[in-house]
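Biologist: I am new to this structure. Please show it to me, and then I will ask how to read its features.

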Amino acid sequence: MKNPQIAIYPGSFDPITLGHLDIMTRASKIFDRLIVGIGINLEKIAMFTPEERMEHIRLATAHLPNIEIRTFSGLAVNFVRECGANIMIRGVRPITDIPAELTMMMANRRLANDVETLFMIADGELAHVSSFLIKQIANLASDEEFTKFLPEAVIPLVRQKIREYGNSKMTK
């Protein structure tokens with residue numbers, strides 16, 4: 001039997017942003033347990049390894065005791081089922097994400113009609129924040145400016161990655 005008190009929040013989180021953290025914080029108040037699933041897509045060039053992303057999320061969510069972080073590959077609905085859950089949380093930005101997320105929700109419903117997708121809209125001040133935006137402004141933003149987009153604990157780790165790889169590799 002599926003546990004309705006467990007929700008799964010899948011994503012790439014490359015890197016985790018304040019928008020992601022907002023959704024995690026709010027979802028962790030609604031559900032007894034929130035499993036954050038870091039999707040591994042071998043066709044996508046990631047800025048951070050899955051292990052680095054796990055550590056970043058651990059650092060950013062240390063104040064949230066009911067969050068568990070796992071990695072997965074394949075379909076998110078299958079991951080939800082593997083976790084013994086039937087609720088998938090999707091964070092959406094009102095202007096950019098809704099059409100694609102609705103299409104994905106309908107496909108997921110066909111694949112797994114026992115999994116419900118709940119959309120959570122990021123806080124209004126964070127609605128424009130994306131991992132892609134972070135990668136675009138990485139070389140330009142000061143640490144103070146970055147605090148408007150990233151959890152503070154993650155900023156030095158993003159800076160280190162920029163120094164290691166350069167911005168050109170991160171925006172591809």
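Biologist: Why does the distance between the end C-alpha atoms of helix α1 agree with its 13 residues?

Modeller: First, this is a predicted model, in which local features need pLDDT of at least 70, side-chain atom pairs count only at pLDDT 80 or more, and totals for chains, interfaces and linings use all residues. Residues are numbered from 1 along each chain as its sequence is written, and side-chain values use heavy atoms, with hydrogens and water left out. Helices are DSSP runs of H or I, at least four residues, numbered from the N terminus. The expected span is 1.5 Å times one less than the number of residues. For α1, residues 18–30, that gives 18 Å, and the end C-alpha atoms are 19 Å apart, so the two agree.

Biologist: How many residues of α1 are buried?

Modeller: Buried means under 20% relative accessible area, exposed over 50%, and partly exposed in between, with a 1.4 Å probe and protein chains only. In α1, ten of the 13 residues are buried, among them L18, H20, D22 and M24.

Biologist: How many aromatic pairs does the structure hold?

Modeller: Rings of Phe, Tyr and Trp (its six-membered ring) pair if their centres lie within 6.5 Å; planes under 30 degrees apart count as stacked, over 60 as edge-to-face and the rest as tilted. The structure holds two such pairs. Y9 and F13 are edge-to-face, with centres 5.1 Å apart and 75° between the planes. F72 and F79 are stacked, at 4.4 Å centre to centre and 15° between the planes.

Biologist: Are F72 and F79 buried or exposed?

Modeller: Both F72 and F79 are buried. Y9 counts as buried because its relative accessibility is 4%, and F13 because its value is 1%.

Definitions and conventions
Helix = DSSP H or I, 4+ residues; strand = E, 2+ residues; numbered from the N terminus.
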